[in-house]
Amino acid sequence: MLTVDSVQINTRGTAANTYDVIVIGSGISGGWAAKEFCEKGLKTLVLERGRDVKHLKDYPTAAKNPWDFPHRGRVSLSESHDNPIAARCYAFNETSAHFIVKDKEHPYVQEKPFDWIRGYQVGGKSLIWGRQTQRWSRFEFESPARDGYAVEWPIGYNDLAPWYSHVEKFVGISGNKDGLVNLPDGEFLPPWELNCGEKHIQQKVKEHYNDRHVIIGRCAHLTKPQDVHYQQGRNQCQARSLCERGCPFGGYFSSNSSTLPWAAKTGNLTLKPDSVVHSVIYDEAKGKATGVRVIDAHTKKATEYFAKVIFVNAGTLNTNLILLNSVSNRFANGLGNENDLLGRYIAFHNYRGSIGARMEGFEDKYYYGRRPTAAFIPSFRNVFKRDMPFLGGYMMYYTVGRNGWGDAYGKEGIGAAWKDGLGEPGGWSVYMGMQGETIPKKENHVRLSKEQRDEWGMPLLVTAVGYDDNDIASMKDFQAQGVEMLEKAGCKDIYTWDTNQAPGLDIHEMGGVRMGKDPKTSLLNKWNQLHVCRNVFVTDGACMTSVGNQNPSLTYMALTARAVDYAVEELKKGNL
């Protein structure tokens, strides 16, 4: 079995491999780190373990028609059989499977069922993400300390608010100014519109509840591009609903269409794909990290790169893996891991609760286009105080649509009337889902396998993450409240179900390298620095102390921009 000790270290001279900053990962947070550092004049090396993907050039299916695919876009039975984990991802199909890691190519050990969805290429999962973007409110930052779970956040909403604005203006976020204290407004482009069925439910919720508000989702789609978006080479979203193929218009935000090209045009970016990061190098004498050890994805040769500052943005679980594998005499259990907390307190979002229903009326109405977002109901549980037996809150989302010709197909009938019915829209149906907060627990963790390694000599990651009674209680409350709201809206044939999906399929895993005020109970300080290795920063999902109930990517981007600004100032002062 190949190990890093068995390969020739090819440094090519320290000077040639030295940069101001190294960023590990090119996804949403890594792309933002690259943009911010390069704009500020720092020579920045971005390391990506996957292949290169260039905007426009490397979206091979973006303009294809359904009949251009052998299986009309569906995953073949053989590919589903070979990739049972990846095939459960909403974006895994014949048009986009090339952007999602195949099960056998990158194995891991599931001590408990965990669906680890990954995108190993330049841009990472920013090419296939769901693009929903909500700010945290002050309550998500305050509730762990208030209600006694996780640890106290070292920052609050006011610390992050200007950075949310900074990010939103560049990314392009569509949404309404809703004036909700539990879901703060941002810098918005014009919103998408609810359809008549969704507006009907919105009105009924408003009539019957004071604590619940239906809004149109906020998402990273350019409804009305501004100058900064045209400068990026991006254009208006075409509402094609083909986003996971890669958008040739740049209508939605990705590293490939936005932050990485922006960084490249400064002349300060060096991007190295096919670079599997083995570990962060810690210098005992200097008391800080000096670089990164990389294994070439194809030749398996090792190279070391050096920098004053290192940002680890490999994606939550890969960031944990890299830091756990970064061992030295000083840190025998992983970089910065003096308190045995590295890899622990992994949490995620609970999507198990679902509700379906039928809606009568509106037979003379339809809708136009393929909207990239849904109706949302911000969390109303445990917001201002703990008011439920379970911890944490949940956000609800729903869509209302008309069934297609399939309503008539398969039903009894004969002749012209039945045939004509195939061309008419069916009745209206409702789908409602939850995005629930899970509580970080020490036993929910990842660690390195002591026996198994991958083809690059890296230990396989062991996932030991599961649900608990709190998650089930939250799901049942969502189902009860959702049914009640749909009943008040006059919906019929309401039914609920538990998807029983494994953690990970939400693709919102967080934690393992959490922020906190006390080095005894956390790994990162309020600036996302390792407490005991101050020139290493973590700003992807691994840094999260708790998970809130909002989609997390906007928060990662804001944390990254804030941390870069701090790191640059510290470099100027000579503190790093």
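R138 and E142 are four residues apart in helix α3, which spans residues 138-147, and are therefore separated by about one helical turn. Across this turn the two side chains form a salt bridge, with the closest N and O atoms 2.9 Å apart. R138 is partly exposed, at a relative accessible area of 41%, and E142 is likewise partly exposed, at 37%. The model in which this pair is found is a predicted one.

The pair in helix α3 belongs to a wider set of charged contacts, since a search of the whole structure finds 28 salt bridges. Two further examples concern residues that are adjacent in number.

One of them joins K35 to E36, whose closest N and O atoms are 2.6 Å apart. How accessible are the two partners, and are they buried or exposed? K35 has a relative accessibility of 2% and therefore counts as buried, because the cut-off for this class is under 20%. E36, with a relative accessible area of 3%, is buried as well. The contact is also part of a larger arrangement: K35, E36 and E39 are linked in a network of salt bridges.

The other example is the salt bridge between D58 and K57, in which the closest N and O atoms lie 3.3 Å apart. Here the partners fall into opposite classes. D58, at 17% relative accessibility, counts as buried, because the value is under 20%. K57 has a relative accessible area of 64% and is exposed, because this value is over 50%.

Attention may now turn from side chains to the backbone. Which value does phi take at K300? The angle is near 70°, which is a positive value in a residue other than glycine. K300 is found in a loop, between strand β9 (288-296) and strand β10 (302-312). With a relative accessibility of 18%, K300 counts as buried, because 18% is under the 20% cut-off.

A second residue with this backbone feature is N382, which is not a glycine and has a positive phi of about 55°. N382 also lies in a loop, in this case between β14 (375-377) and β15 (394-402). The relative accessible area of N382 is 6%, and this residue is buried. K300 and N382 thus each combine a positive phi with a loop position and a buried classification.

Key. Residues numbered from 1 in each chain as written. Predicted model: local features only at pLDDT ≥ 70, side-chain atom pairs only at ≥ 80, totals over all residues. Heavy atoms only, no water. Salt bridge = Lys/Arg side-chain N within 4 Å of Asp/Glu carboxyl O. Buried < 20%, exposed > 50% of the residue type's maximum accessible area, 1.4 Å probe, protein only. Helix = DSSP H or I, 4+ residues; strand = E, 2+ residues; numbered from the N terminus.
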